[in-house]
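Here's a quick tour for anyone about to set up a calculation on this one. Take a look at the fold first, then we'll go through the contacts that hold some interest.

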Amino acid sequence: MTHEQFNKAMAIIAQHHSTEIKINMPKNHFVGDLGVTKWTIHITRCCPSVVTKLVSDGFTCQMDENGLAVGVI
């Protein structure tokens, strides 16, 4: 996810006060370029409208070990 995509997703998520997220979680204990050229968002708790809005704005949501991973198409 690029910086612009990260900001767009965060703007959507920020509208919902009960949402809990994790930002830039390492994948397989590897950080890589997280926070430099790549960003990740994992949702651990949210209302269904957050997922609906993310998907309608072109994001994907996929469950993994850290929660609901927000990605781009």
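The core layout is an open sheet of four strands, ordered S1-S2-S4-S3 and paired antiparallel. Keep in mind that this is a predicted model. S1 and S3 (59-64) sit at the edges with a single partner strand each, so one side of each has no neighbour in the sheet. On average, neighbouring strands are turned by 30 degrees against each other, direction ignored.

**Sheet and helices**

- H1 packs on the sheet and touches S1, S2, S3 and S4 (67-72). The direction of H1 makes about 15 degrees with that of S2.
- H2 (residues 48-56) packs on the sheet too, touching S2, S3 and S4. Its direction is at about 130 degrees to that of S3.
- S1 and S2 run antiparallel and are joined by four bridges. Ile 21 stands opposite Ile 43 of S2, and Glu 20 has Arg 45 in S2 as its bridge partner.
- S2 and S4 also run antiparallel, with three bridges joining them. Here Ile 43 stands opposite Leu 68 in S4.
- As general background, strands of a sheet pair through backbone hydrogen bonds, either parallel or antiparallel.

**His 42, worth a look before you assign protons**

- His 42 is part of strand S2 (residues 41-45).
- Is His 42 buried or exposed? With a relative accessible area of 6%, His 42 is buried, because the cut-off for that label is under 20%.
- The side chains of His 42 and Asp 64 are joined by a polar contact of 3.0 Å.
- Leaving out residues up to four places away in sequence, His 42 touches Glu 20, Ile 21, Lys 22, Met 25, Asp 64, Asn 66, Gly 67, Leu 68 and Ala 69.

**Salt bridges**

- How many salt bridges are there? The count comes to two.
- One of them pairs the side chains of Arg 45 and Glu 20, at 3.7 Å from N to O. Arg 45 is in strand S2 and Glu 20 in strand S1 (residues 20-23), so this salt bridge ties together parts that lie 25 residues apart in sequence.
- Arg 45 counts as exposed, at 53% relative accessibility, whereas Glu 20 is partly exposed at 39%.
- Lys 53 forms a salt bridge with Asp 57, and the closest N and O atoms are 3.4 Å apart.
- Both residues of that pair count as partly exposed: Lys 53 at 35% relative accessibility and Asp 57 at 25%.

**The aromatic pair**

- The count of aromatic pairs comes to one. That pair is Phe 6 with Trp 39, tilted, with 6.3 Å from centre to centre and 35 degrees between the planes.
- Why "tilted"? The 35 degrees between the planes fall in the range left over once under 30 is called stacked and over 60 edge-to-face, so the pair gets that label.
- Phe 6 belongs to helix H1 (residues 3-14) and Trp 39 to the loop between S1 and S2, so the pair links distant parts of the chain, 33 residues apart.
- Both Phe 6 and Trp 39 are buried.

**The loop between S1 and S2**

- Asn 24 is found in this loop. Its phi is positive, about 55 degrees, even though Asn 24 is not a glycine.
- For context, most residues other than glycine have a negative phi.
- Asn 24 counts as partly exposed, at 21% relative accessibility.
- Leu 34 lies in the loop between S1 and S2 as well, but at 18% relative accessibility Leu 34 counts as buried.
- Which residues does Leu 34 contact, neighbours within four places in sequence aside? They are Asn 24, Met 25, Pro 26 and Thr 40.
- Leu 34 and Asn 24 are 10 residues apart along the chain, with their C-alpha atoms separated by 5.9 Å.

Conventions. Residues are numbered from 1 along each chain as its sequence is written. This is a predicted model: local features need pLDDT of at least 70, side-chain atom pairs count only at pLDDT 80 or more; totals for chains, interfaces and linings use all residues. Side-chain values use heavy atoms; hydrogens and water are left out. Helices (H or I, at least four residues) and strands (E, at least two) are DSSP runs, numbered from the N terminus. Buried means under 20% relative accessible area, exposed over 50%, partly exposed in between (1.4 Å probe, protein chains only). A polar contact is a pair of N or O atoms within 3.5 Å; within protein, one must be able to donate a hydrogen and the other to accept it, and residues adjacent in sequence count only if both atoms are side-chain atoms. Contact means heavy atoms within 4.5 Å. A salt bridge is a side-chain nitrogen of Lys or Arg within 4 Å of a carboxyl oxygen of Asp or Glu. Rings of Phe, Tyr and Trp (its six-membered ring) pair if their centres lie within 6.5 Å; planes under 30 degrees apart count as stacked, over 60 as edge-to-face and the rest as tilted. Two strands pair if DSSP finds at least two bridges between them. Axes are lines fitted to C-alpha atoms, for helices over the stretch in contact, and angles run from 0 to 180 degrees between N-to-C directions.
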